[in-house]
Amino acid sequence: MTDLRSDFVGIKSPNPFWLASAPPTDKEYNVRRAFQAGWGGVVWKTLGSEGPPVVNVNGPRYGVIHGPDRRVLGLNNIELITDRPLEVNLREIKSVKRDYPDRALIISLMVPCDEDSWRDILKRIEDTGADGVELNFGCPHGMSERGMGSAVGQVPEYIEMVTRWVKQYSRMPCIVKLTPNITDVRKPAEAAKRGGADAVSLINTINSITSVDLDLFAPQPTIDGKGAHGGYCGPAVKPIALNMVAEIARHPETRGLPISGIGGITTWRDAAEFMALGAGNVQVCTAAMTYGFKIVQEMISGLRDYLDTHDMALSDLIGRAVPNVTDWNQLNLNYVTKAVIDQDACIKCGRCYAACEDTSHQAIAMRPGRVFEVIEEECVACNLCVDVCPVEDCITMRELAPDETDLRTGIPRGGYANWTTHPNNPMSKAAE
Amino acid sequence: MSQTRLSPGIVSGRLTPDELAANFTDVAPPLAPHEARVAADRCYFCHDAPCITACPTGIDIPLFIRQIATGTPDAAAMTIFHANILGGMCARVCPTENLCEGACVRMDAEAEPVRIGALQRYATDGLMAQQGHPFRRADPTGKRIAVVGAGPAGLSCAHRLAAKGHDVTIFDARGKPGGLNEYGIASYKTVDGFAQAEVEWLMGIGGITIETRKALGRDLTLESLQNDFDAVFLGIGLGAVNALRAEGEGFRNVQDAVDFIGDLRQCGDLLSLPIGRDVVVIGGGMTAVDAAVQARLLGAENVTMVYRRTRDQMGASQHEQDHAASKGVRIITGAAPVAVIGDDDHAEAVEFAYTAVVEGQVHLTENRFRLKADQVFKAIGQRLEKPLDALKLTGSGKIAVTGPGRTSIERVWAGGDCAAGGDDLTVTAVAEGRDAAEDIDARLMGRPVEIPG
């Protein structure tokens with residue numbers, strides 16, 4: 001059975017599944033239950049400076065996007081960092097870590113952007129026994145208005161500066177948590193690296209308004225008739241997070257910088273995808289907030305099963321897909337596929353037809369008896385039919401054999417050739 | 001167990017009031033909003049959806065389900081009512097497994113269709129529970145139309161005509177409007193007086209008057225209607241029950257199943273409704289099932305349905321057959337009655353012969369059996385009560401029609417069970433009444449015909 005033990009920048013945990021800094025990790029009670037359920041590590045909900053703690057709204061903190069059957073697809077929150085006294089959190093962290101020495105316990109931090117504040121907080125957490133710190137440069141609501149969270153994460157120079165302070169005043173591994181609310185995630189990642197960060201974690205939540213109450217004409221969640229943007233997370237943000245993880249993993253300046261993957265991870269498969277794109281471990285929040293801590297058991301068994309069947313070690317998985325992430329201009333334009341509909345599996349709903357006929361390339365014919373057939377002469381292999389078909393594997397894409405003629409273009413399939421050499425590309429001519 | 005429960009003969013009060021109340025509750029209780037949303041989410045919004053094609057009234061089912069899913073059930077109800085003004089009743093009585101739900105692509109996917117009937121009821125119940133009527137009449141045309149029969153065909157026709165600004169008078173032979181909706185359908189399918197409530201709601205459009213206890217051939221003549229009105233629509237149903245053509249048919253306790261169903265529906269207190277201990281129902285259609293199941297629910301100990309052909313040829317849908325079986329009705333197929341055995345004027349048993357179907361024809365074999373019976377219900381099909389001399393009939397004895405219900409007589413239309421074609425279903429009658437109304441309107445107003453749905 002594959003060993004799932006994880007070593008992330010020297011922080012050991014029995015598996016690579018950590019709970020992200022968020023409401024589930026706000027206090028001892030929750031974290032103990034999480035460890036009992038099997039979570040490999042926890043990033044304790046963000047601590048702030050000593051003094052009166054922040055206050056939260058007393059109305060709803062979350063907004064939601066539902067899929068069919070009220071499945072939670074996206075969650076948005078306007079909760080701030082911990083609103084409990086610093087000393088209470090520190091005492092609890094110490095107590096939990098003492099009882100769970102094999103689990104990773106990271107402390108998330110967010111204090112004002114000055115050297116003293118960071119030095120002080122690092123001093124305060126020194127004797128908790130925690131395994132590392134995560135710098136919260138990501139939260140996009142509330143704290144950012146006070147010059148913290150994403151207000152720092154959006155300025156690479158600040159990231160570098162604060163990271164440098166943290167490395168100067170602490171020997172703990174330092175993970176810098178990045179905000180996705182920027183144009184190019186590689187810049188803050190570079191800054192973290194320059195500042196001496198041991199790793200980056202991403203993504204934090206995305207600026208968002210989940211919905212508008214059409215009776216109150218106010219964003220949701222609505223607090224006394226008003227709403228503020230919140231941070232969006234959950235399955236809906238996974239594609240955005242995957243891309244950002246991959247960008248950092250393959251960028252020459254940041255390649256090799258350890259990444260803790262975050263963003264909509266709900267199942268073992270999501271986790272494996274993040275790891276294949278370069279994440280050394282993963283952090284989870286919305287899935288636990290939706291289903292409870294027990295989901296980690298599926299994640300553990302699923303990842304183990306996958307690695308077993310593929311005869312891979314956990315380390316073999318990490319970064320394995322990175323070499324296959326490329327730029328569009330490197331894609332093989334001579335690779336040709338055609339949609340194929342499995343008539344036995346087809347339930348005759350006609351969604352492929354509606355999608356192709358109304359919005360794509362008119363490459364599916366509807367024959368008598370609701371028989372749907374691909375017209376290869378028209379099919380550009382866009383895959384939309386595959387995507388809208390409700391039956392898994394009913395429509396597949398067939399790769400043309402070498403030299404097989406593409407009935408749409410009348411041209412036999414050739415070898416690898418991309419846009420950089422394509423005759424329609426003016427730049428390719430200029431290069432001649 | 002009370003003595004009455006096992007008393008021989010046809011007696012009332014076999015069950016306690018509580019048992020009766022439990023037995024005759026809504027067979028398919030309405031969906032709660034959450035259930036409706038879950039059920040609606042399963043619809044694939046198919047292209048040119050097979051469920052629409054399978055619906056005789058052509059309701060845009062994917063559209064109304066999407067309207068439910070997006071939180072606008074009243075809009076969903078309007079989608080339904082535009083095609084089928086009796087969408088509420090159809091949601092309750094349609095054999096959906098043979099129609100929309102049978103055609104649902106989810107049947108191929110996982111043999112579990114989208115719950116179209118239940119969703120239709122959810123939408124229509126919601127809108128009908130609100131004040132007022134959702135359709136507005138067009139400006140008055142001054143045209144007057146007689147509709148004979150206040151069943152599904154007549155009501156559907158009348159509503160569509162009234163909507164177009166015509167004035168409609170409905171004549172019905174019975175004391176209450178509704179036709180088979182009121183007199184011919186099992187009580188547990190349409191509880192709480194729904195049939196009458198639906199008629200009242202439908203009448204809310206205005207421009208329709210109903211005259212009850214006015215039967216064609218008794219109180220009215222077709223000729224007088226033709227003289228007094230601009231057009232006539234006949235939706236008179238099939239008033240007579242086919243004969244068994246078996247010895248002993250005249251015994252007092254050999255009854256028409258439709259009468260039993262009608263009596264039950266009109267009975268204020270089921271405790272007072274007598275039922276046999278050993279009941280035999282002859283026939284294999286919906287009426288047979290409705291009679292057999294209700295006999296059981298009233299406390300009959302042994303109820304047997306006997307049908308002369310094979311099970312797959314039964315008019316009752318599989319769902320109906322399963323429902324009957326679940327209520328303890330025994331179903332025997334491939335047997336036909338040859339004689340009702342009895343004393344004086346009183347049947348005591350029915351003798352059946354097993355049948356052999358050769359090239360579609362039913363032949364009796366020498367293999368016989370007897371079923372004890374203190375009550376026998378005939379449910380072997382209905383026919384026109386009194387042929388109308390002037391009207392051309394088909395070989396099967398129904399009113400011959402062409403196109404949208406045009407009879408052989410100018411300005412006389414027909415639809416529903418009395419007219420040729422269709423499946424003798426409520427929903428078919430609704431479609432025929434509606435389409436005839438469109439044709440009548442087009443003819444009277446000189447407009448091109450538009451058949452909706």
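UniProt positions are given in the numbering used here, and annotations may be inferred rather than shown by experiment. I kept that in mind throughout, since the model is a predicted one.

**Entry 1, the annotated stretch.** I looked up chain B in UniProt, where an unreviewed entry places the feature "domain: Dihydroprymidine dehydrogenase" at residues 22-130. Over residues 22-130 of chain B, I read 60% helix and 0% strand. The end C-alpha atoms of that stretch are 28 Å apart.

**Entry 2, domains.** I then checked how chain B is divided. Domain 1 takes 4-25 + 242-382, domain 2 takes 33-128, and domain 3 takes 144-239 + 384-445. For domain 1 and domain 2 of chain B, I noted C-alpha centres 33 Å apart.

**Entry 3, the interface.** I looked at where the chains meet: 12 residues of chain A are in contact with 10 residues of chain B. On the chain B side, helix H2 (33-41) and helix H8 (106-110) each supply at least two residues. By class, I found six nonpolar, one polar and three charged residues on that side of chain B.

**Entry 4, cores.** The largest nonpolar core has 159 residues, and B:Phe233, B:Val281 and B:Ala292 touch the most other members. Helix H15 (residues 286-297) of chain B gives this core its largest share, eight residues. I followed B:Val281 further: leaving out residues up to four places away in sequence, B:Val281 touches B:Ala257, B:Ala288, B:Ala291, B:Ala292, B:Val303, B:Met305, B:Phe377 and B:Ala379. I also found a second, separate core of 97 residues, with A:Ala22, A:Cys139, A:Ile203 and A:Trp268 among them.

Technical notes: Residues are numbered from 1 along each chain as its sequence is written. Chains are lettered from A and ligands numbered from 1 in the order in which they are written. This is a predicted model: local features need pLDDT of at least 70, side-chain atom pairs count only at pLDDT 80 or more; totals for chains, interfaces and linings use all residues. Two residues are in contact if their C-beta atoms, placed from the backbone, lie within 7 Å. Helices (H or I, at least four residues) and strands (E, at least two) are DSSP runs, numbered from the N terminus. Ala, Val, Leu, Ile, Met, Phe, Trp, Tyr, Cys and Pro count as nonpolar, Asp, Glu, Lys and Arg as charged, and the others, Gly among them, as polar. Domain bounds come from an automatic or database domain assignment. A nonpolar core is a set of buried Ala, Val, Leu, Ile, Met, Phe, Trp, Tyr and Cys residues joined through C-beta atoms within 7 Å. A residue is buried if 20 or more other C-beta atoms lie within 10 Å of its own, exposed if 12 or fewer, and partly exposed in between; C-beta atoms are placed from the backbone.
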